[in-house]
Amino acid sequence: MESKNASRSSDFPAGGGTNRDSGTISLRRLSPELSLSIRTVPSSVLTASTPSRSPAPPSLHPENSTSAAGYIALSHRLLTNRLNLEFPVTGSFSYLRHGFAIHMYAANKSMDNCALCSADGDFLIVPQEGRLWITTEFGKLQVSPGETVVLPQGVRFVVDLPDGPSRGYVAEIFGTHFQLPDLGPIGGNGLASPRDFLVPVAWFDQGSHPGYVIVQKFGGELFTAKQDFSPFNVAAWHGNYVPYKYDLSKFCPYNTVLIDHGDPSINTVLTAPTDKPGVALLDFVVFPPRWLVAEHTFRPPYYHRNCMSEFMGLIYGGYEAKADGFLPGGASLHSCMTPHGPDTKTYEATIALGNEAGPHRIANTLAFMFESCLIPRVCQWALESPYMDHDYYQCWIGLKSHFTCELGEERKRDLQNGLKEKK
Ligand SMILES: [Fe+2]
């Protein structure tokens, strides 16, 4: 299964504009679909749990590796290991068709004679370690760390692990689909280009598969059905409601070329919009290698509070604003209006450079952010993880002001008292 199986999309796969043919598909199957039985997944299938909270990444060789059902090696970790950031209505998030969830997965076995499908929402998968060979009803995609793939709601898929154990992140959105952001004043080119999104070509399996299991995520729960044939029996398709992948190294970042900062949203790859312009249900934002050239500007991300909530992950390298403690495979969450910014070490190192810092290239790094206007809740699994960094706040301990004032004592006293300059 090589990437040559993917073809270049002539248009953005999932639509994204009012003038696009959005969300249509036509399949030519080899045989009619038939579900033979439905039952809930035995609880024993859902027991394995692999901690994956920052700063330590999840173990790729969990002691409690899959035993009851290797076929669901990926899917059950998606559901039981998730850092469950969802619309704050208990148990009702997917029924409302509004909201999102963020999962972290660690898989150590390929899915066998089994396919997974989410009736709840689209999956945007960001592998951090280990390639994923994904077979879908539309064909095959190879997705490597440094790439991302979107599997739309309702599409059945299987994941094989050619490199062995794998881990990464998943954003699931309910009630809408990802699309390219509006480029605004940037114009017609820049950021993620439609031409770089790849979709699979049709591939089908005619063989007999007794006991083939379809696992369906529905309303946050798993259900199974058995059939005697592969669901990957589509001989041809057309339309644009299809899986697609994107190589993040093709992203064309924009940033300041003189002073000050752009907001991180300038690095949006894909967005799931709301009815309110500029306030996304979920933005997928990347921080790729790039040049920093700003003058008279504190170059790392400034200290701020955000009306959005920020979930960050790291695919490889380091993150410019965290000198220590943020490792590939880890994650951080800065909720709405929680102050944050560079750690003390980064701050002091930046101040020490003074105003004479020349152009600097940030290299060998790929961080990303899921940003949402909704306020997330953190699931119990994440809160109780032994890998939770309870001392995270200490990265800001020791921050001190480097502000100096060269005014005379009398003038300083006037300023402190709110007095205007004397004439
Ligand atoms: Fe932030």
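A residue is called buried if 20 or more other C-beta atoms lie within 10 Å of its own, exposed if 12 or fewer do, and partly exposed in between, with the C-beta atoms placed from the backbone. Asparagine 113 is a good place to try this out: it has 13 other C-beta atoms within 10 Å, so it counts as partly exposed. Before we go on, please note that this is a predicted model, in which local features need pLDDT of at least 70 and side-chain atom pairs count only at pLDDT 80 or more, while totals for chains, interfaces and linings use all residues. Residues are numbered from 1 along each chain as its sequence is written.

Let us begin with the overall picture. The protein has 4 helices and 23 strands. Here, helices (H or I, at least four residues) and strands (E, at least two) are DSSP runs, numbered from the N terminus. Of the 423 residues in the protein, 39% are buried. We can also ask about contacts, where two residues are in contact if their C-beta atoms, placed from the backbone, lie within 7 Å. Among the contacts with a separation of 6 or more, 78% are between residues 24 or more positions apart.

Now to the strands. Strands of a sheet pair through backbone hydrogen bonds, either parallel or antiparallel. In this text, two strands pair if DSSP finds at least two bridges between them. One open sheet is formed by 5 strands in the order β17-β18-β23-β20-β21, and the pairing is antiparallel. Its edge strands are β17 (268-273) and β21, each of which pairs on one side only. On average, neighbouring strands of this sheet are turned by 15° against each other, direction ignored; for such angles, axes are lines fitted to C-alpha atoms (for helices over the stretch in contact), and angles run from 0 to 180 degrees between N-to-C directions. Looking at one edge, you can see β17 joined to β18 (residues 280-287) by 5 bridges, the two strands running antiparallel. Within this pair, alanine 272 stands opposite leucine 282 in β18.

Next, find strand β7 (residues 132-136), where 4 of the 5 residues are buried. Strand β8 (residues 139-143) runs antiparallel to β7 and is joined to it by 5 bridges. The two form a hairpin with 2 residues between them, and threonine 136 has glycine 139 in β8 as its bridge partner. β7 also pairs with strand β10 (residues 157-160), again in the antiparallel sense, over 4 bridges. There, isoleucine 134 has valine 159 in β10 as its bridge partner.

How many of the 5 residues of strand β9 (residues 147-151) are buried? The count is 5 of 5. Both faces of β9 are covered, with Glu147, Val149 and Leu151 buried on one side and Thr148 and Val150 buried on the other. β9 pairs in the antiparallel sense with strand β6 (residues 122-129) over 3 bridges, and isoleucine 125 has valine 149 in β9 as its bridge partner. β9 also pairs in the antiparallel sense with strand β16 (residues 244-247) over 4 bridges, where glutamate 147 stands opposite aspartate 247. Helix α4 (residues 409-416) offers another case: the count of buried residues among its 8 residues is 0.

Let us turn to the backbone. Most residues other than glycine have a negative phi, and most peptide bonds are trans. Asparagine 113, our opening example, has a positive phi of about 55° although it is not a glycine. Its place is the loop between β4 (99-107) and β5 (114-118). Asparagine 364 has a positive phi of about 50° and is not a glycine either. It is found in the loop between β22 (360-362) and β23 (365-372). Asparagine 364 counts as exposed because it has 9 C-beta neighbours inside 10 Å.

Finally, where does UniProt place the feature "binding site"? The record, an unreviewed entry, puts it at His304, Glu310 and His340. They are spread over 37 residues of sequence but cluster in space, with a largest C-alpha distance of 11.9 Å. UniProt positions are given in the numbering used here, feature names are shortened, and annotations may be inferred rather than shown by experiment. Histidine 304 lies in the loop between β19 (290-292) and β20 (309-317), and it is partly exposed because 14 other C-beta atoms are within 10 Å. Histidine 340 sits in the loop between β21 (331-334) and α2 (344-353). With 19 C-beta neighbours inside 10 Å, histidine 340 is partly exposed.
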